[in-house]
Amino acid sequence: MSEPKPPTPTPAGDTYKGWVFKWTNYIKGYQRRWFVLSNGLLSYYRTQAEMGHTCRGTINLATASIAVDDACNFVISNGGTQTYHLKASCEVERQRWITALELAKAKAARMQAESDDSGDDFSLSCPPAPHGQSAAAASQNSEVQSTLRTLASKVEDLSTCNDLISKHGSALQRSLSELDSLRLTGEAGDKIRQVTERATLFRITSNAMINACRDFLALSQAHSKRWQKALQAERDQRIRLEETLEQLAKQHNNLERAFRGNSQSNTTLDSKGSAGPGKGEASDDDDDNEFFDAMEEAPEFITVPADPQFHKRSSSNVSGFNSEMGSDDQSLNEEPLSANQDSPSLDLVPVKKRRSRIPDKPNYSLNLWSIMKNCIGKELSKIPMPVNFNEPISMLQRLSEDLEYHELLDKGAKCGSALEQLCYVAAFSISSYSTTVHRTGKPFNPLLGETYELDRGRESGYRSLCEQVSHHPPAAAHHVISSRGWTLRQEITVASKFRGKYISIMPLGTIHAIFEKGDNHYTWKKVTTTVHNIIVGKLWIDQSGEIDVVNHTTGDRCHLKFAPYSYFSRDVARKVTGLVTDKDGKAHYVLSGTWDEKMEFSRVMQSSRGSSSGSGAAGENGAAEARQKTVYQTLKAREIWHKNALP
């Protein structure tokens with residue numbers, strides 16, 4: 001058993017493969033070939049690498065005959081021009097191939113006999129789909145029927161094995177009886193009697209296995225109808241549940257339209273502002289159950305803002321990256337550059353005047369369930385969505401919006417302490433989520449090779465370039481160069497899953513920030529974004545997870561934790577906590593705040609072990625925040641980041 005030998009054929013489901021010697025001609029004799037037995041066909045190749053493109057020959061076992069020459073040789077012929085003279089490396093390997101070939105031949109012959117009336121059998125075994133059943137349910141039904149047919153085929157294989165064992169056992173018993181009749185004496189006679197006894201034991205064991213298989217066959221046939229009835233009952237119950245949910249979505253839609261009609265009758269709109277709602281009212285006559293791709297007047301969301309002022313503010317929420325963050329930037333937007341004596345060519349180049357608001361988002365009703373019910377569990381990029389689900393920007397522009405709070409990196413570039421610089425980088429990583437609380441729309445997927453350039457060299461000292469580098473899966477590369485001492489780059493792709501009530505969006509890829517001063521190199525990733533109330537209710541977004549901002553130059557690390565929203569939690573909603581430690585694990589700064597409002601940081605003066613598991617009290621001389629039963633004494637907290645007012 002321990003001697004080296006060529007690999008034996010390996011079964012893999014209905015496939016059998018391995019090396020066998022094949023007779024080629026009188027000059028070359030037997031040559032080693034790779035044989036594959038699958039679906040009743042025996043094919044061979046010169047090497048395993050040829051399996052993908054070049055087959056040297058194939059024989060159908062359904063009409064073939066299998067003959068054994070001697071201990072290692074066997075012949076396969078289809079009675080015509082195809083005859084394979086084969087030789088195994090040993091008798092055991094030859095017997096394995098013979099058994100596999102006989103099983104495959106019996107199965108192929110049975111499949112060929114059933115092929116004529118297989119259509120009738122399938123129509124009888126598949127009951128018609130009930131009213132309202134979707135194409136996905138019909139596909140699942142056919143998959144179940146295919147599985148049942150496969151199980152029936154396996155049971156037939158057991159029956160064939162039974163016949164083969166009986167056949168070979170009888171032949172072995174006859175051979176032993178002939179040897180025993182020779183009446184040999186001495187040691188040879190003892191050996192023959194010993195072999196006869198072992199063969200008898202083998203036959204008894206085989207008969208026991210055959211009886212067990214026969215019992216299993218009878219039990220399977222008795223219970224198969226019961227299983228099919230139970231499966232059909234489960235399928236009908238699922239269909240009824242789908243219909244109930246669809247009716248619920250329709251009722252919710254009708255309530256929305258009634259509410260919007262009342263709110264519009266009580267609100268005075270000018271002629272320009274009333275054009276949008278009039279268009280939405282016209283779409284109310286459409287059938288809720290119908291959905292057409294690329295329909296220009298497709299409705300938007302099933303959310304209805306209670307306050308028109310809130311709707312106006314949230315719908316015009318697009319970051320300006322951000323030319324309106326201060327009075328200096330506003331003056332730059334409103335006035336041209338003054339003449340520059342050193343550069344006369346700049347006299348004719350005014351700073352671009354940027355708009356202060358965008359048109360209101362149309363608010364159309366939409367029966368989400370009619371679109372989403374067949375998409376549960378799928379990748380979001382594979383689901384066809386109406387265009388009204390999107391924001392009027394591309395994903396490249398949305399990525400560039402991470403630079404809205406670029407001044408955090410500007411301040412970090414001026415820091416003399418790498419640990420304090422790490423606090424600014426951590427705050428910058430949190431600031432990119434500040435506007436997501438109001439924005440439930442999905443950015444458009446860019447074309448492959450599409451780019452988005454953001455030039456803020458005059459106003460903010462940086463230039464940004466995004467490019468879509470992969471289409472399936474969607475992936476973008478982003479690079480930013482700043483004249484104020486830092487460089488930012490990221491490669492982002494998104495994995496997403498639709499779970500019925502919510503959508504989980506998992507950004508993949510790493511973000512790098514490199515500072516010229518100190519040559520500090522930071523990396524971090526993004527947390528998981530979850531969009532709730534997909535079917536019924538108002539859409540809302542939550543960020544959850546943990547990220548580590550790592551300084552690869554010094555080994556410093558900032559661990560940030562985004563607490564998921566919980567109805568029973570007493571903590572502040574959208575809370576973020578962080579701890580800045582050096583390479584030895586010693587804490588230096590504590591960060592706290594919310595990802596949609598502001599962040600504060602405080603310097604750690606002393607840490608001690610404590611039994612408290614909640615937040616400690618803060619005072620002028622110190623604040624205690626427990627983290628894993630450790631109490632940190634800190635100085636007074638200072639604000640490091642605050643959200644800008646919405647445009």
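Two strands are said to pair if DSSP finds at least two bridges between them. In this predicted model, strand E6 (residues 65-68) and strand E7 are such a pair, joined by four bridges and running antiparallel.

## Overview

The chain contains eleven helices and 27 strands. Of its 647 residues, 38% count as buried. Among the contacts in the chain with a separation of 6 or more, 56% are made by residues 24 or more positions apart.

## Strand E7 and its partners

The connection from E6 to E7 is a hairpin through four residues. Within this pairing, alanine 67 stands opposite valine 75 in E7. On its other pairing, E7 is joined by five bridges to strand E8 (residues 83-87), and these two strands also run antiparallel. Here phenylalanine 74 has leucine 86 in E8 as its bridge partner. E7 and E8 form a hairpin with five residues between them, and glycine 79 in that turn has a positive phi of about 80 degrees.

Five of the five residues of E7 (residues 73-77) are buried, so the strand is largely enclosed by the rest of the structure. Both faces are covered: Asn73, Val75 and Ser77 are buried on one side, and Phe74 and Ile76 are buried on the other.

## The hairpins of E2, E3 and E4

Strand E2 (residues 15-25) runs antiparallel to strand E3 (residues 29-38), and ten bridges join them. Three residues lie between the two strands of this hairpin. Threonine 15 has serine 38 in E3 as its bridge partner.

E3 is in turn joined to strand E4 (residues 41-45) by five bridges, again in an antiparallel arrangement. Phenylalanine 35 is the bridge partner of tyrosine 44 in E4. The hairpin of E3 and E4 has two residues between the strands, and asparagine 39 takes a positive phi there.

## Backbone features in loops

Most residues other than glycine have a negative phi, and most peptide bonds are trans. The table lists two residues with a positive phi.

| Residue | Phi | Loop | Relative accessibility |
|---|---|---|---|
| Asparagine 39 | near 55 degrees | between E3 and E4 | 66%, exposed |
| Aspartate 519 | about 55 degrees | between E16 and E17 (521-524) | 51%, exposed |

A further backbone feature is the cis peptide bond that joins histidine 472 and proline 473, with omega about 0 degrees. Proline 473 lies in the loop between strand E12 (462-470) and strand E13.

## Threonine 493 and its surroundings

Proline 473 is also one of the residues in contact with threonine 493. Threonine 493 lies in strand E14 (residues 486-498). With a relative accessible area of 18%, threonine 493 is buried, because buried means under 20%. Leaving aside neighbours within four places in sequence, the contacts of threonine 493 are Pro473, Pro474, Ala475, Met506, Pro507 and Leu508. A polar atom of the threonine 493 side chain lies 2.5 Å from the backbone oxygen of proline 474.

## Helices H10 and H11

Helix H10 (residues 407-414) and helix H11 (residues 418-431) pack at an angle of about 170 degrees, and their axes are 8 Å apart. The angle makes H10 roughly antiparallel to H11, because angles over 145 degrees count as roughly antiparallel. From H10, the residues Leu408, Leu409, Lys411, Gly412 and Ala413 take part; they meet Gln421, Tyr424, Val425, Ala427, Phe428 and Ser431 in H11. By class, the residues of this contact comprise seven nonpolar, three polar and one charged.

The buried residues of H10 are Leu408, Leu409, Asp410, Gly412 and Ala413. Besides packing against H11, the buried residues of H10 pack against strands E13 (475-482), E14, E16 (511-515) and E27 (638-642).

## Isoleucine 393 in strand E9

Isoleucine 393 has its place in strand E9 (residues 390-394). Isoleucine 393 counts as buried, at 7% relative accessibility. Apart from neighbours within four places in sequence, isoleucine 393 is in contact with Arg398, Glu401, Arg439, Pro443 and Phe444. Isoleucine 393 and glycine 441 are 48 residues apart in sequence, and the distance between them in space is 9.9 Å, C-alpha to C-alpha.

How values were computed:
Residues numbered from 1 in each chain as written. Predicted model: local features only at pLDDT ≥ 70, side-chain atom pairs only at ≥ 80, totals over all residues. Heavy atoms only, no water. Axes fitted to C-alpha atoms, helices over the stretch in contact; angles between N-to-C directions. Parallel < 35°, antiparallel > 145°, perpendicular 65-115°, else oblique. Contact = heavy atoms within 4.5 Å. Nonpolar A, V, L, I, M, F, W, Y, C, P; charged D, E, K, R; others polar. Buried < 20%, exposed > 50% of the residue type's maximum accessible area, 1.4 Å probe, protein only. Polar contact = N/O pair within 3.5 Å; in protein donor to acceptor, adjacent residues only side chain to side chain.
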